[in-house]
Amino acid sequence: MLPILYSFRRCPYAMRARWALLEAGLRVQWREIALKQKPAEMLQVSPKGTVPVLVLNDGTVIDESLAVMEWALDQADPRRLREAGDASALIDQNDGPFKHHLDRFKYTDRYPGELQDTHRVAGLAILRSWNQRIATKGWLLSDELSLADAALWPFVRQWRTAEPQGFDADDSLQELRNWLNRFLEDPRFERLMQRADPWNAGGPQHQFPADAIAVPQDQPLFHLALLNDWQAAQASGSYRISTRGMMLEQVGFIHCSWQEQVDATYQRFYADAGDVVLLEIDPAVVDAPLRADAIPTGELFPHLYGPLNPAAVRSVTAMPKAA
Ligand SMILES: N[C@@H](CCC(=O)N[C@@H](CS)C(=O)NCC(=O)O)C(=O)O
């Protein structure tokens, strides 16, 4: 049984939770909700009535978005989001003062007596400080994507949505705009914004992400590797190449194939690569989550969301195979 996620498509807290589930290669039972008509099943496990709520198989209820992110990254953190430094001060600034001003800037009519301009000015001061960090470091915390970036971008997106012209024309937000666009242009964005009607127990049951499936445990997986890389992995105990010329940290998963997909992958990417080996992997022995994701043509490929432990490799064959 997969964990259950109660979610709301446009909620920035639920968005960052879904983003982390995507990042970690996980799948969940997806229960989209309407905020005005929350399902009794959700309120029973989390009476405070906010999304996201994740219910694990052992009954554990995680009903804070950051805790959902942490739980997901505990399962797998292939791009090492938590190694870029301490994200807590930025997240506190976002979830506290920035969210306060964002709500009053975006939904001023819901806050009688509040002036939109006061909150525009205060919110912009925070956005400018983030812009400055990105201008200096590349991302919010360092030159690498981190938990802070992943936790904040849906809120910056919401600010932009309130007044896109102002945001897009502001010279003091240029680096922040480019940063936001990295998320909006990432294929993960479209996947995490998939739509579903509000859930009810008698209706259709969806999974998130909707375009992924489980990787069967009883069919071997294959990965093409450069012989040198494979030898180095045997020595170090961990293989971290995603595909030719790309590391796991860059891509977020290790590309694999099912048997019938190997030849096309070899011809496309490895035919001129020199010494290449085909690793046969037992999916039941890998140490990281596996998920089969659709590529743009719709074809599903198995992906490993963490390093490959050499113990999961059942056979190693030189490529191309002898006729
Ligand atoms: N601190 C919570 C906040 C979650 C939150 O406030 N979510 C909003 C939707 S964006 C919500 O569910 N509000 C309840 C409501 O509108 O009834 C978290 O991080 O998960």
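Me: How many bridges join strand S11 to S14?

Reply: This is a predicted model in which local features need pLDDT of at least 70, side-chain atom pairs count only at pLDDT 80 or more, and totals for chains, interfaces and linings use all residues. Residues are numbered from 1 along each chain as its sequence is written. Strands (E, at least two residues) and helices (H or I, at least four) are DSSP runs numbered from the N terminus, and two strands pair if DSSP finds at least two bridges between them. S11 covers residues 276-281 and runs antiparallel to S14; the number of bridges joining them is 6.

Me: Which residue in S14 is the bridge partner of valine 276?

Reply: S11 begins at residue 276, and S14 covers residues 313-319. The partner of valine 276 in S14 is methionine 319.

Me: Which strands stand at the edges of the sheet with the order S7-S11-S14?

Reply: This open sheet has 3 strands with antiparallel pairing. Two of its strands have a single partner each, so one side of each is left without a neighbour in the sheet. They are S7 (221-226) and S14 (313-319).

Me: What angle does the direction of helix H12 make with that of S7?

Reply: Neighbouring strands of the three-stranded sheet are turned by 25° against each other on average, direction ignored. Helix H10 (residues 227-236) packs on this sheet, touching S7, S11 and S14, and its direction makes about 105° with that of S7; axes are lines fitted to C-alpha atoms, for helices over the stretch in contact, with angles from 0 to 180 degrees between N-to-C directions. Contact means C-beta atoms, placed from the backbone, within 7 Å. Helix H12 (residues 262-270) also touches S7, S11 and S14, and its angle with S7 is about 20°.

Me: Which residue of S13 is the bridge partner of isoleucine 254?

Reply: An open sheet of 4 strands has the order S6-S12-S13-S10 with antiparallel pairing. S6 and S10 (254-255) each have a single partner strand, so they stand at the edges with one side left without a neighbour. S10 and S13 (residues 300-304) pair over 2 bridges, and the partner of isoleucine 254 is leucine 304.

Me: How many of the 5 residues of strand S2 are buried?

Reply: S1 (residues 4-7) is joined to S2 by 4 bridges and runs parallel to it, with serine 7 opposite glutamate 32. A residue is buried if 20 or more other C-beta atoms lie within 10 Å of its own, exposed if 12 or fewer, and partly exposed in between. S2 (residues 28-32) is largely enclosed by the rest of the structure, because its buried residues number 4.

Me: Which residues surround the ligand?

Reply: A residue is near the ligand if its C-beta atom, placed from the backbone, lies within 6 Å of it. The ligand is surrounded by Phe8, Cys11, Tyr13, Leu35, Gly49, Thr50, Val51, Pro52, Glu64, Ser65 and Leu66.

Me: Which residues is leucine 43 in contact with, leaving aside its neighbours within four places in sequence?

Reply: Leucine 43 lies in helix H2 (residues 40-45). Leucine 43 counts as partly exposed because it has 13 C-beta neighbours inside 10 Å. Its C-alpha atom is separated by 32 Å from that of histidine 119, 76 residues apart along the chain. Its contacts beyond four places in sequence are Lys38 and Gly49.

Me: What is the phi of arginine 80?

Reply: Most residues other than glycine have a negative phi. Arginine 80 is in the loop between helix H3 (65-75) and helix H4 (88-106), and is partly exposed, with 13 other C-beta atoms within 10 Å. Although arginine 80 is not a glycine, its phi is positive, about 55°.

Me: Where is proline 320, which a cis peptide bond joins to methionine 319?

Reply: Most peptide bonds are trans. One cis bond joins phenylalanine 208 and proline 209, with omega about -5°; proline 209 is in the loop between S5 (206-208) and S6 (212-213). Another cis bond joins methionine 319 and proline 320, also with omega about -5°. The place of proline 320 is the segment after S14.

Me: What percentage of contacts between residues at least 6 apart in sequence join residues at least 24 apart?

Reply: The protein has 12 helices and 14 strands, and its C-alpha trace spans about 80 × 50 × 35 Å along the principal axes. Buried residues make up 36% of the 323 residues. For contacts between residues at least 6 apart, the share joining residues at least 24 apart is 72%.

How values were computed:
Contact = placed C-beta atoms within 7 Å.
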